[in-house]
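This briefing goes through one protein chain by topic. It begins with a single residue and its surroundings, then turns to the core, the chain as a whole and some backbone details.

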Amino acid sequence: KPTAITLYPNPVSDYFTLNTSVSKVAIYSLTGQLVKSFTGSGKMTSEFSVSELNAGLYIVKVTNENNNTQVLKFLKK
């Protein structure tokens with residue numbers, strides 16, 4: 001069973017951290033528009049800057065190195 005991916009802190013100010021080794025991160029607005037994407041670093045925890053995003057709720061699609069995908073949400077302050 002894949003480990004649950006945790007995104008913190010939430011709400012987010014300038015960056016968030018994921019507690020897994022990720023290969024890809026895509027951030028979407030609630031309307032489904034891709035607003036930002038990252039390629040993972042292969043480290044066990046990774047920080048992602050979202051300081052330029054507007055305040056609001058976002059959907060994050062995280063793909064880890066085993067190609068497991070998990071969808072999370074965060075609130076940008």
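Apart from neighbours within four places in sequence, Ser46 is in contact with Phe16, Thr17, Leu18, Thr20, Val22 and Ser41. The model is predicted. Ser46 belongs to strand 5, which covers residues 46-49, and its relative accessible area is 5%, under the 20% cut-off, so Ser46 counts as buried.

**Phe16 and the nonpolar core**

- Ser46 appears again among the contacts of Phe16, which also include Glu47, Phe48 and Val50.
- Residues up to four places away in sequence being left out, Phe16 further touches Leu7, Tyr8, Pro9, Val25, Ile27 and Phe74.
- The largest nonpolar core consists of 17 residues, and those with the most contacts inside it are Leu7, Phe16, Leu18, Val25, Ile27, Val60 and Phe74.
- Two or more residues of this core come from each of strand 2 (15-18), strand 3 (22-28), strand 6 (56-64) and strand 7 (69-76).

**Ile27 in strand 3**

- Ile27 is a residue of strand 3.
- The relative accessible area of Ile27 is 0%, which means that this residue is buried.
- Beyond four places in sequence, the contacts of Ile27 include Gln33, Leu34, Val35, Lys36 and Phe38.
- Further contacts of Ile27 are Phe16, Val50, Leu53, Tyr58, Ile59, Val60 and Phe74.
- Ile27 and Ile59 are 32 residues apart along the chain, and their C-alpha atoms are separated by 5.7 Å.

**Val60 and Lys61 in strand 6**

- Val60 is located in strand 6, and so is Lys61.
- How accessible is Val60? Its relative accessibility is 0%, so Val60 is classed as buried.
- Lys61 has a relative accessible area of 38%, which lies between the 20% and 50% cut-offs, and therefore counts as partly exposed.
- With residues up to four places away not counted, Val60 touches Leu7, Val25, Ala26, Ile27, Gln70, Val71, Leu72 and Phe74.
- On the same sequence condition, Lys61 touches Lys24, Val25, Ala26, Tyr28, Thr69, Gln70 and Val71.
- From Val60 to Ser49 the C-alpha distance is 13 Å, with their positions 11 residues apart in sequence.
- Lys61 and Leu18 are 43 residues apart in sequence, and their C-alpha atoms are 12 Å apart in space.

**The chain as a whole**

- The chain has seven strands and zero helices, and its elements run β-β-β-β-β-β-β from the N terminus on.
- A compact globule of 77 residues would have a radius of gyration near 11 Å, and the chain agrees with this because its own value is 11 Å.
- Taken along the principal axes, the box filled by the C-alpha atoms is roughly 30 × 20 × 20 Å.
- Of the 77 residues, 35% are counted as buried.
- Among contacts with a separation of 6 or more, 51% are between residues 24 or more positions apart.

**Surface and charge**

- The accessible surface of the chain is about 4700 Å², and carbon and sulfur atoms account for 49% of this area.
- There are 8 positive and 4 negative side chains in the chain.
- The centres of the positive and negative sets are 9 Å apart.

**Backbone details**

- Most peptide bonds are trans, and most residues other than glycine have a negative phi.
- The bond from Tyr8 to Pro9 is a cis peptide bond, with omega near -10°.
- Asn10 and Pro11 are also joined by a cis peptide bond, for which omega is about 15°.
- Pro9 sits in the loop between strand 1 (7-8) and strand 2, and Pro11 lies in the loop between strand 1 and strand 2 as well.
- Asn67 is not a glycine, yet its phi is positive, at about 65°.
- The place of Asn67 is the loop between strand 6 and strand 7.
- Is Asn67 buried or exposed? With a relative accessibility of 63%, over the 50% cut-off, Asn67 counts as exposed.

Notes
Residues numbered from 1 in each chain as written. Predicted model: local features only at pLDDT ≥ 70, side-chain atom pairs only at ≥ 80, totals over all residues. Heavy atoms only, no water. Helix = DSSP H or I, 4+ residues; strand = E, 2+ residues; numbered from the N terminus. Rg over C-alpha atoms; globule rule 2.2 N^0.38 Å. Buried < 20%, exposed > 50% of the residue type's maximum accessible area, 1.4 Å probe, protein only. Contact = heavy atoms within 4.5 Å. Areas by Shrake-Rupley, 256 points an atom, 1.4 Å probe, with all protein chains shown as cover. Lys, Arg positive; Asp, Glu negative; His and termini not counted. Charge placed at Lys NZ, Arg CZ, Asp CG, Glu CD. Core = buried A, V, L, I, M, F, W, Y, C linked by side-chain atoms within 4.5 Å.
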